[in-house]
Amino acid sequence: MSDSEATTSTDRTGSSSTAPTIHNPEESRLKALLEPAVLANRLYLEDVAIHVAGSHRTVHVVVDLPQEETGGVSLDSIAEISRALSDILDNDPGDDGRPYDLEVSSPGVGRPLTEPRHWHRALGRMAKVNVLQGDNLTGRIVAVDADGVTLVPEHEVKKGMKPKQGDPVKLPFDRIRQGKVEIEFSHLHEAGLEDEHNGPSEEA
């Protein structure tokens with residue numbers, strides 16, 4: 001589990017797996033199977049990945065809040081959706097009977113910003129942006145629309161001085177390679193997150 005994830009785990013065998021993710025049609029099948037329950041809990045299904053080690057599987061599900069909401073997914077929400085998804089997997093008619101662990105997590109503040117919904121979720125945060133055909137920049141996300149992202153750049157100054165803000169810059173999505181949120185302790189406290197983890201965590 002990474003420091004930026006809120007995770008709960010259901011272990012049927014008492015063991016864990018660190019095998020690399022295997023991308024296969026089974027992941028798409030499980031995503032379709034689990035998505036209605038995730039939506040019913042007012043969450044967004046970000047990803048489903050299956051890690052395989054011998055005859056054992058770890059089903060890793062990543063859920064997030066809808067793009068119009070701020071903050072992070074609470075531990076209570078993680079625990080609730082974990083129980084719901086575990087019940088679904090236990091009764092999956094397409095399952096082959098092999099043992100599995102279920103891990104449910106939120107993306108955390110370290111998730112790369114690669115999709116429009118990621119930028120919506122990061123509205124108001126500082127971000128480093130890798131730009132295609134232009135200079136990379138760091139700035140605060142002040143607006144997100146269907147076409148791109150508007151940031152107010154912060155230029156580096158001498159240590160101890162307040163960063164200098166530039167004029168707002170509009171970056172179309174097709175010019176953005178990816179972005180990454182910059183950790184700000186004030187935002188961690190606002191979101192109710194722990195400084196040492198950048199997010200709550202729970203293990204079962």
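This is a short dialogue on reading a predicted model.

Me: Where should I start, and what is the mean pLDDT of the protein?
Reply: Start with confidence. Where pLDDT is low, the predicted coordinates should not be read in detail. Here the mean is 80, and 78% of the residues reach 70 or more.

Me: Which elements have the lowest and the highest mean pLDDT?
Reply: Strand 2 (residues 21-22) is lowest, at 41, and helix 2 (residues 75-90) is highest, at 96. Over residues 1-22 the pLDDT is below 50, yet the model gives this stretch 72 contacts beyond near neighbours in sequence. Residues 188-204 also stay under 50, with 35 contacts beyond four places in sequence.

Me: How many helices and strands are there?
Reply: The protein has 4 helices and 12 strands. Of its 204 residues, 40% are buried.

Me: What span should helix 1 have?
Reply: Count a rise of 1.5 Å a residue. Helix 1 has 16 residues (25-40), so 22 Å is expected; the end C-alpha atoms lie 24 Å apart, which agrees.

Me: Where does helix 1 bend?
Reply: At Leu 34, by about 40°. A proline, Pro 36, follows within four residues. Leu 34 is also buried, as are Glu 27, Leu 30, Ala 37 and Val 38.

Me: What do I find at the two ends of helix 1?
Reply: At the start, a side-chain oxygen of Asn 24 comes within 3.0 Å of the backbone nitrogen of Glu 26. Just after the helix, Arg 42 has a positive phi of about 60°.

Definitions and conventions. Residues are numbered from 1 along each chain as its sequence is written. Side-chain values use heavy atoms; hydrogens and water are left out. The expected span of a helix is 1.5 Å times one less than its number of residues. The bend at a residue is the angle between axes fitted to the seven residues ending there and the seven starting there. Buried means under 20% relative accessible area, exposed over 50%, partly exposed in between (1.4 Å probe, protein chains only). A polar contact is a pair of N or O atoms within 3.5 Å; within protein, one must be able to donate a hydrogen and the other to accept it, and residues adjacent in sequence count only if both atoms are side-chain atoms. pLDDT is the predictor's confidence in each residue, from 0 to 100. Contact means heavy atoms within 4.5 Å.
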